[in-house]
Amino acid sequence: MLKFLTRFAMIAVLGAGLLTGAHAEDAPDVLIKNATNEIVEILKTDKAIQAGDVKHTQDVIESKVLHYFDFNKMTASAVGREWRSASADQKAQLAKEFQTLLVRSYSNALTQYKNQTVDVKPLKMQASDVEVTVKSEVKQPGAKPVAIDYDLTKTADGWKVYDVYVAGVSLVANYRDTFGQEIKASGIDGLIKSLHEKNAAKVIEKK
Amino acid sequence: MSKVSVLKFIGSLLLLLNLAACATGGNPKDPWEGVNRKIFVFNEKLDAWALKPVAQAYDAAAPLPVRTGVSNVFANVEDVWIGLNNLLQGKPVAAVSDLSRFAINSTLGILGVFDVATELGLEKHEEDFGQTLGVWGVGDGPYVMLPFFGPRTLRDTGGFIVDTFASPLGYIDDIPTRNVTRGLKVISDRADLLSAGNALDEAALDRYAYLRDFYLSRRKSLINDGRRVRSNEEDSSIAGTSIAMDTDVEIGAHRLVFVMLDRAYPALHADVPAADASLTVAGTDT
């Protein structure tokens, strides 16, 4: 009887663990770890991605990865000071185009995947923290590991990534100067237009 | 290309840039943007037509353990200089770790072919003299796109010259062996980057600017050993003021480069340039 009880308790604990594993209110490091494992698993099994089908990779990213990100915050940060002077409509368009650009670059990077392993470092955080950084390392046989850090913010909808640092460089801030110059030269609409053209050009390329 | 002809080359280039220095009104960190962009186009073509195909052939021909071994041998040789730089930056613990890496990998790792030290928990560091100058307070100086060698700042160009002098590869007496060794290093380094694919194409609105901003942030992060400056402090809106404050050190960096060139020039002698330039390409310093 006692044996049965302990076994039952163990199963219950395991079950609870699995349930929280799928929950949006995970601790940030657990969230990143689960998301990364999920993507690595897809990369290993999905033949179309392995064959370099960028359009398909993009669809997978959009359905599996997008909800981990806060694209509004990312776009605001990339646009910088001018974000405040943008209208609600311009903001929505900017966020949409920037999201497309990032998803495409990310999808393209993933099709290059070759047996990398990802090591997500455990995070020490206070219960009151609303912004945290989760560190990880991508290891590849025969190459130096690359540090990838994720900045996450706490939202009503769980933790969301709003910046990614590759080898210490913010992918979001890296756009700031280019975006700033574009806005200076041809306004916010000019930037939306350039982003749109960049995204559209790639679709044609692929056909 | 021997060290001296590399120096001569960089020296003439910097002089040329100084003469051609015209503020194009763009990024304050990139006053030589016009010339830099032309060199960038040249470097990209060189990569597309020569370097990348050769690296791809190498990647296809040599099995992974061989490529890893070759990478490791070059990396092992660098560890001594990395250790010295850590020492110069006041990080004796890291320096000891680097020198131990060299000792372990040169012996247990069979002349550096196997990176045993990493397995033993001694992490590989990434240091160079440009970073050491940065730690000492020398400002970036203007951004420079070097032909063959890729992006640098003026400070890092000075650092790169010192690094070139420090590299043991330059002290291989037999010239054909030296050229082959350097050529192999260029190919091996480029092959390591093949997996990066065409990330720059995909991500950048303006490849030149994207690479420049990436390089400058990457150097900043390296100098701080990965401790990052919060992103709003990197905001371009304050970049102007920090440049203004850095002017003194930047002039210092200018002078340093020219003093080093001065010292190097008397040693000049006729040298046949060979195609062994150690080349750095797109966002490569990882």
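# Exercises on a two-chain model

With a relative accessibility of 1%, Arg212(B) counts as buried. Here buried means under 20% relative accessible area, exposed means over 50%, and partly exposed lies in between (1.4 Å probe, protein chains only).

The model is predicted, so local features need pLDDT of at least 70 and side-chain atom pairs count only at pLDDT 80 or more, while totals for chains, interfaces and linings use all residues. Residues are numbered from 1 along each chain as its sequence is written, chains are lettered from A and ligands numbered from 1 in the order in which they are written, and side-chain values use heavy atoms, with hydrogens and water left out.

## Exercise 1: Charged pairs in chain B

Task: Find the salt-bridge partner of Arg212(B), then say whether that partner is buried or exposed.

Solution.
- Step 1. Recall the rule: a salt bridge is a side-chain nitrogen of Lys or Arg within 4 Å of a carboxyl oxygen of Asp or Glu.
- Step 2. Apply it. Arg212(B) meets Asp213(B) in a salt bridge, 3.2 Å from N to O.
- Step 3. Check the partner. Asp213(B) has 7% relative accessibility, so it counts as buried.
- Step 4. Look at the wider pattern. Salt bridges with shared partners link Glu78(B), Asp79(B), Arg101(B), Asp115(B), Lys124(B), Lys185(B) and Asp189(B) into one network.
- Step 5. Take another pair. Arg155(B) and Asp156(B) form a salt bridge, with their closest N and O atoms 3.1 Å apart. Both Arg155(B) and Asp156(B) are buried.

In general, side chains of opposite charge can pair when their charged atoms come close.

## Exercise 2: A bridge between two helices

Task: Take the salt bridge of Glu44(B) and Arg207(B), and state which parts of chain B it ties together.

Solution.
- Step 1. Note the distance: Glu44(B) and Arg207(B) meet at 2.3 Å, N to O.
- Step 2. Place both ends. Glu44(B) is in helix 2 (residues 33-61) and Arg207(B) in helix 10 (residues 207-223) of chain B, so the pair joins parts 163 residues apart in sequence. Helices (H or I, at least four residues) and strands (E, at least two) are DSSP runs, numbered from the N terminus.
- Step 3. Check exposure. Glu44(B), at 25%, is partly exposed. Arg207(B), at 28%, is partly exposed too.
- Step 4. Set the pair in context. Over all chains, the structure holds 32 salt bridges.

## Exercise 3: The interface

Task: Describe the contact of chain A with chain B, and name the element of chain A that gives the most residues to it.

Solution.
- Step 1. Count residues. Chain A brings 33 and chain B brings 32. Contact means heavy atoms within 4.5 Å.
- Step 2. Give the area. About 3000 Å² is buried between the chains, and carbon and sulfur atoms give 48% of it. Buried area is the accessible area (1.4 Å probe) that two parts lose on being put together, summed over both.
- Step 3. Look for charged pairs. The rule finds zero salt bridges across this interface.
- Step 4. Name the elements. Helix 6, strand 2 (131-140), strand 3 (143-155), strand 4 (158-166) and helix 7 (176-206) of chain A each give two or more residues to the side that touches chain B.
- Step 5. Pick the main one. Helix 7 of chain A gives the most, with 10 residues.

## Exercise 4: Unusual phi values

Task: Locate Leu111(B) and Phe148(B), and compare their phi with the general rule.

Solution.
- Step 1. Recall the rule. Most residues other than glycine have a negative phi.
- Step 2. Take Leu111(B). Its phi is positive, near 55 degrees. Leu111(B) sits in the loop between helix 4 (92-107) and helix 5 (116-119) of chain B. At 66% relative accessibility, Leu111(B) is exposed.
- Step 3. Take Phe148(B). Its phi is positive as well, about 70 degrees. Phe148(B) sits in the loop between strand 1 (143-146) and strand 2 (150-153) of chain B. With 22% relative accessible area, Phe148(B) is partly exposed.

## Exercise 5: Chain A in outline

Task: State how many helices and strands chain A has, and in what order they run.

Solution.
- Step 1. Count. Chain A has seven helices and five strands.
- Step 2. Order them. From the N terminus on, the run is α-α-α-α-α-α-β-β-β-β-β-α.
- Step 3. Add burial. Of the 207 residues of chain A, 43% count as buried.
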